[in-house]
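Subject: Structure handover

Hello,

Here is the structure I said I would pass on. My notes on it follow below the display.

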Amino acid sequence: RIALELMVRELRSATSVTAIPSATDMSFQYKDVLETLHTVRYQLAGAVLNRTLDGVTTPLIGGVVSFNLTYFDNDANGIPTPTALAGSVKLVLVQLVTGTEESVASYSDSNQRATVEMLVRLRNT
């Protein structure tokens, strides 16, 4: 949940989406409160969601079962339509499913999963 909140806060402040190579990888730029421009990349690598800020990669959360980004533009009537063009992105649907990082049997009470989803409107693009 904390990982999603960080991602959502940065996405809302995005000034531009710079790359959307896949549904598990995106890059964008945003300005912080001091108006400093930062480049951020979120990318799923195995079961780890990584966050790269200005070239420095850190694991954000492990135990990721699935991570999916869906990108939308607005058509002439303001209705969200899927897009594959980074410069056209106005909304991003972020879906994240996490599970235990330790190996457990599928029937075990320890086999817990959490699903979070949020639709993010980019304010500054």
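Six bridges join β3 to strand β4, residues 48-53, and the two run antiparallel. Please keep in mind that this is a predicted model. I began with this pair of strands, and the rest of the notes work outwards from there.

Two of the bridge partners can be named. A45 is matched with V48 in β4, and L44 has L49 in β4 as its bridge partner. β3 and β4 form a hairpin with two residues between them. In the turn, G46 has a positive phi of about 70°.

On its other pairing, β3 meets β2 in the antiparallel sense, over seven bridges. Here Y30 stands opposite H38 in β3. The hairpin of β2 and β3 has five residues between the strands. E35, in the loop between β2 and β3, has a phi near 65°, which is a positive value in a residue other than glycine. E35 counts as exposed because its relative accessibility is 54%, and the cut-off for exposed is over 50%.

D54 also has a positive phi, near 50°, and is likewise a residue other than glycine. D54 sits in the loop between β4 and β5. With a relative accessible area of 43%, D54 is partly exposed.

These strands belong to an open sheet of five, in the order β1-β2-β3-β4-β5, with antiparallel pairing. The edge strands are β1 (14-22) and β5 (56-61), each of which pairs on one side only. Neighbouring strands of this sheet are turned by 20° against each other on average, with direction ignored. As background, strands of a sheet pair through backbone hydrogen bonds, either parallel or antiparallel.

Which side chains of β3 are buried, and which are not? H38, V40, Y42 and L44 point to one face and are buried. L37, T39, R41, Q43 and A45 point to the other face and are not buried. In general, side chains in a regular strand alternate between the two faces of the sheet.

Y42 comes up again in the aromatic contacts. How many aromatic pairs does a search of the whole structure find? The search finds one. F28 and Y42 form this pair, which is stacked, at 6.2 Å centre to centre with 15° between the planes. The pair counts as stacked because the planes are under 30 degrees apart. F28 lies in strand β2 (residues 25-31) and Y42 in strand β3 (residues 37-45), so the pair links distant parts of the chain, 14 residues apart. Are the two members buried or exposed? F28 has 0% relative accessibility and therefore counts as buried. Y42 counts as buried too, because its relative accessibility is 0%.

Last, some figures for the chain as a whole. The chain has one helix and nine strands. Read along the sequence, the helix comes ahead of the strands, in the pattern α-β-β-β-β-β-β-β-β-β. Of the 125 residues in the chain, 35% are buried. Among contacts between residues at least 6 apart in sequence, 43% join residues at least 24 apart. The chain exposes about 7,300 Å², and carbon and sulfur atoms supply 51% of that area.

Regards

Methods:
Residues are numbered from 1 along each chain as its sequence is written. This is a predicted model: local features need pLDDT of at least 70, side-chain atom pairs count only at pLDDT 80 or more; totals for chains, interfaces and linings use all residues. Side-chain values use heavy atoms; hydrogens and water are left out. Helices (H or I, at least four residues) and strands (E, at least two) are DSSP runs, numbered from the N terminus. Buried means under 20% relative accessible area, exposed over 50%, partly exposed in between (1.4 Å probe, protein chains only). Contact means heavy atoms within 4.5 Å. Accessible areas come from the Shrake-Rupley method with a 1.4 Å probe; for residues, only the protein chains shown count as cover. Rings of Phe, Tyr and Trp (its six-membered ring) pair if their centres lie within 6.5 Å; planes under 30 degrees apart count as stacked, over 60 as edge-to-face and the rest as tilted. Two strands pair if DSSP finds at least two bridges between them. Axes are lines fitted to C-alpha atoms, for helices over the stretch in contact, and angles run from 0 to 180 degrees between N-to-C directions.
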